[in-house]
Amino acid sequence: MSMKLYAHPFSSYCQKVLIALYENDIPFEWRMLAPGDEQVAAEHEALWPLKRMPVLVDEGRTVVEASIIIEHLGLHHPGPVRLIPEDPRAALDVRMMDRFFNNYVMTPMQKIVADGIRAVEHRDRQGVAEARELLDTAYRWLDDTMAVREWAVGDAFSLADCAAAPALFYADWAHPIGSAFSKVHAYRRRLLARPTFARAVDEARPHRALFPLGAPDRD
Ligand SMILES: N[C@@H](CCC(=O)N[C@@H](CS)C(=O)NCC(=O)O)C(=O)O
């Protein structure tokens with residue numbers, strides 16, 4: 001039975017998992033959550049009533065949450081690229097950076113993007129201002145952290161980089177990374193040059209009109 005991935009190519013959390021799948025050439029069947037496809041949407045909701053994507057179905061087991069899906073792939077479909085290091089101490093560092101990108105880059109970025117979809121009278125000005133402030137602090141911290149690192153945790157590409165790639169990609173669109181943060185810009189460029197993320201970005205390219213704030217003419 002092949003694995004099924006309920007996902008959309010433009011979704012940041014789906015791209016996080018796609019990078020992991022592509023890193024080890026793991027075959028899977030796309031169950032594209034395209035707007036208007038009620039059949040796939042109903043399957044998705046039956047599997048995960050919280051209706052967040054991505055969702056992976058492997059041998060009848062439903063796996064949710066992008067980081068957990070990547071952990072699942074490492075356990076059940078290991079390949080030459082280990083996204084969670086074998087050494088538990090190094091693995092903890094990777095998980096910490098994964099949390100950083102999820103909580104302090106993805107979450108505020110999504111807040112700004114989601115606000116752009118709301119009707120003007122329902123916009124959350126204070127929430128968006130706080131999200132922008134959080135992103136600026138996260139960029140500053142990351143700039144210091146990346147001064148001596150190639151990837152999020154040292155020399156090896158990991159789960160944390162799978163999280164970082166779409167997070168920084170869209171965060172820079174939603175709330176531009178200041179030009180002073182040259183290490184963050186350089187890291188974002190390295191992520192964009194990684195073939196597996198470049199593939200995910202290319203597959204999402206036809207869907208850029210979905211970006212509610214207007215996708216910039218770059219990347
Ligand atoms: N904590 C989840 C977050 C997933 C998530 O927020 N996915 C977004 C797409 S990037 C989604 O499903 N949005 C649909 C919605 O909010 O209804 C994970 O790590 O997988």
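Okay, let's start with one residue, Phe101. Setting aside its neighbours within four places in sequence, Phe101 is in contact with Met106, Leu142, Ala152, Ala160, Ala163, Ala164, Ala167, Leu168 and Tyr187. Before I go on, keep in mind that this is a predicted model.

So where does Phe101 sit? It belongs to the largest nonpolar core, which has 65 residues, and it's among those that touch the most other members, along with Leu21, Val105, Leu168, Tyr187 and Leu191. Which elements build this core? At least two residues each come from β1, α1 (12–23), α3, α4 (88–117), α5 (125–145), α6 (159–174), α7 (182–193) and α8 (195–204). The one that gives the most is α6, with 13 residues. And there's another core apart from that one, made of six residues, including Tyr6, Leu33, Val57 and Val64.

Now, the sheet. You're looking at an open sheet of four strands, in the order β2-β1-β3-β4, and the pairing is mixed. At the edges are β2 (29–32) and β4 (61–64), each pairing on one side only. From one strand to the next, the twist averages 20 degrees. If you want to trace one pair, try β1, residues 4–7, with β2: they run parallel and share four bridges. For example, Leu5 has Trp30 in β2 as its bridge partner. Then there's helix α3, residues 66–76, which packs on the sheet and touches β3 (55–58) and β4. The direction of α3 makes about 130 degrees with that of β4.

On to the ligand. Which residues are around it? Going along the chain, we have Ser11, Ser12, Tyr13, then Lys51, Arg52, Met53 and Pro54, then Glu65 and Ala66, and finally Gln110. A few of these make polar contacts. Glu65 has a polar side-chain atom 2.7 Å from a nitrogen atom of the ligand. For Met53, a polar backbone atom is 2.8 Å from a ligand oxygen. And Arg52 has a side-chain N or O atom 3.5 Å from an oxygen of the ligand.

Last stop, His44, in helix α2, which covers residues 38–47. Is His44 buried or exposed? It counts as buried, because its relative accessibility is 5%. Its side chain reaches the backbone oxygen of Arg52 at 2.9 Å. Beyond its neighbours within four places in sequence, His44 is in contact with Tyr6, Leu33, Lys51, Arg52, Met53 and Val55. Notice some familiar names there: Tyr6 and Leu33 are in the six-residue core, while Lys51, Arg52 and Met53 are around the ligand.

Technical notes
Residues are numbered from 1 along each chain as its sequence is written. This is a predicted model: local features need pLDDT of at least 70, side-chain atom pairs count only at pLDDT 80 or more; totals for chains, interfaces and linings use all residues. Side-chain values use heavy atoms; hydrogens and water are left out. Two strands pair if DSSP finds at least two bridges between them. Axes are lines fitted to C-alpha atoms, for helices over the stretch in contact, and angles run from 0 to 180 degrees between N-to-C directions. Contact means heavy atoms within 4.5 Å. A nonpolar core is a set of buried Ala, Val, Leu, Ile, Met, Phe, Trp, Tyr and Cys residues joined through side-chain atoms within 4.5 Å. Buried means under 20% relative accessible area, exposed over 50%, partly exposed in between (1.4 Å probe, protein chains only). A residue is near a molecule or strand if one of its heavy atoms lies within 4 Å of it. A polar contact is a pair of N or O atoms within 3.5 Å; within protein, one must be able to donate a hydrogen and the other to accept it, and residues adjacent in sequence count only if both atoms are side-chain atoms.
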